[in-house]
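Let's take a walk through this protein together, beginning with the whole chain and then stopping at a handful of residues. Keep the sequence and the 3D view side by side as you read.

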Amino acid sequence: VQLQASGGGLVQAGGSLRLPCAASGSTLSIGRMGWYRQAPGLQRDIVADITTGGSTNYADSMKGRFSISRDNAKNTVYLQMNSLKPEDTAVYYCHADTILRRTWGQGTLVTVSS
């Protein structure tokens, strides 16, 4: 499985971004997909994830502002981010899980200016 994340960029506080992450390769084996983020000097933390059936899980600080979805036909997971804050500035990494391993995308930088 290979993952290609995109959609990052510079946005003002209060703005929105949508991050897509497209999977290729052995996509039939993919189960859960999701997003983590890593701010400078900090560990990588979960943002949200979603099962093939659409069940979602969010970090508490993201609930109500972020929304994860997936299009199984396109093998793509999306992270819709609204009401962005400067503290949301981070590199956002998508992942895809199979029985054997977790695969990570290359990361996309989101910068929120105040």
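Strands here are DSSP runs of at least two residues, numbered from the N terminus. With that in hand, you can place Thr 76 in strand E8, which covers residues 76–81. Please keep in mind throughout that this is a predicted model.

Before we return to that threonine, let's look at the whole fold. How many helices and strands does the protein have? The secondary structure comes to 0 helices and 11 strands, and reading along the sequence gives β-β-β-β-β-β-β-β-β-β-β. The radius of gyration is 13 Å, close to the 13 Å that the globule rule gives for 114 residues, so the protein is as compact as a globular protein of that length. Along its principal axes, the C-alpha trace spans about 40 × 25 × 20 Å.

What about the inside and the outside? Of the 114 residues, 42% count as buried. The accessible surface comes to about 5900 Å², and carbon and sulfur atoms account for 49% of that. The chain carries 11 positive and 7 negative side chains, with the centres of the two sets 4 Å apart. Contacts also link distant parts of the sequence: among those between residues at least 6 apart, 52% join residues at least 24 apart.

Now back to Thr 76. Is this residue buried or exposed? Its relative accessible area is 9%, and the cut-off for buried is under 20%, so Thr 76 counts as buried. Beyond its neighbours within four places in sequence, Thr 76 is in contact with Pro 20, Cys 21, Ala 22, Ser 69, Arg 70 and Asp 71. Its side chain also reaches the backbone oxygen of Lys 74 at 2.9 Å. For a sense of how the chain folds back, find Thr 27: it is 49 residues from Thr 76 in sequence, yet their C-alpha atoms are 10.0 Å apart in space.

One step back along the chain is a residue with a notable backbone angle. Asn 75 sits in the loop between strand E7 (66–71) and E8, and its phi is near 55°, a positive value in a residue other than glycine. Why point that out? Most residues other than glycine have a negative phi. Asn 75 is partly exposed, at 25% relative accessible area. Ser 83 gives you another example, with a positive phi near 50°. This serine belongs to the loop between E8 and strand E9 (90–97) and is partly exposed too, with a relative accessible area of 40%.

Next, move to strand E4 (residues 33–38), where you will find Arg 37. You may be curious about a charged side chain here: at 15% relative accessibility, Arg 37 counts as buried. Which side chain does Arg 37 meet in a polar contact of 2.9 Å? The partner is Asp 88. Arg 37 also has contacts that include Gln 43, Val 47, Met 62, Phe 66 and Tyr 92.

Gly 34 shares strand E4 and is buried at 0% relative accessibility. Gly 34 touches Ala 48, Asp 49, Ile 68, Tyr 93, Cys 94 and His 95, leaving out residues up to four places away in sequence. Its C-alpha is 6.0 Å from that of Ile 50, a residue 16 places away in sequence.

One of the contacts of Arg 37 is Val 47, so let's follow that link into strand E5 (residues 44–50). Val 47 is buried, with 0% relative accessibility. Among the residues that Val 47 touches are Trp 35, Tyr 36, Tyr 58, Leu 79 and Tyr 92. Val 47 and Tyr 92 are 45 residues apart in sequence, while their C-alpha atoms are 8.8 Å apart in space.

Tyr 92 leads us to the last stop, as it is also touched by Thr 108. Thr 108 is in strand E11 (residues 108–113) and counts as buried at 10% relative accessibility. The other residues that Thr 108 touches include Ala 5, Ser 6, Gly 7, Gly 8, Leu 19 and Trp 35. In the case of Gly 8, the backbone nitrogen lies 3.1 Å from a polar atom of the Thr 108 side chain.

Conventions:
Residues are numbered from 1 along each chain as its sequence is written. This is a predicted model: local features need pLDDT of at least 70, side-chain atom pairs count only at pLDDT 80 or more; totals for chains, interfaces and linings use all residues. Side-chain values use heavy atoms; hydrogens and water are left out. Helices (H or I, at least four residues) and strands (E, at least two) are DSSP runs, numbered from the N terminus. Buried means under 20% relative accessible area, exposed over 50%, partly exposed in between (1.4 Å probe, protein chains only). Contact means heavy atoms within 4.5 Å. A polar contact is a pair of N or O atoms within 3.5 Å; within protein, one must be able to donate a hydrogen and the other to accept it, and residues adjacent in sequence count only if both atoms are side-chain atoms. The radius of gyration is taken over C-alpha atoms; the globule rule is 2.2 Å times the number of residues to the power 0.38. Accessible areas come from the Shrake-Rupley method with a 1.4 Å probe; for residues, only the protein chains shown count as cover. Lys and Arg count as positive and Asp and Glu as negative; His and the chain ends are not counted. The place of a charge is taken as NZ of Lys, CZ of Arg, CG of Asp or CD of Glu.
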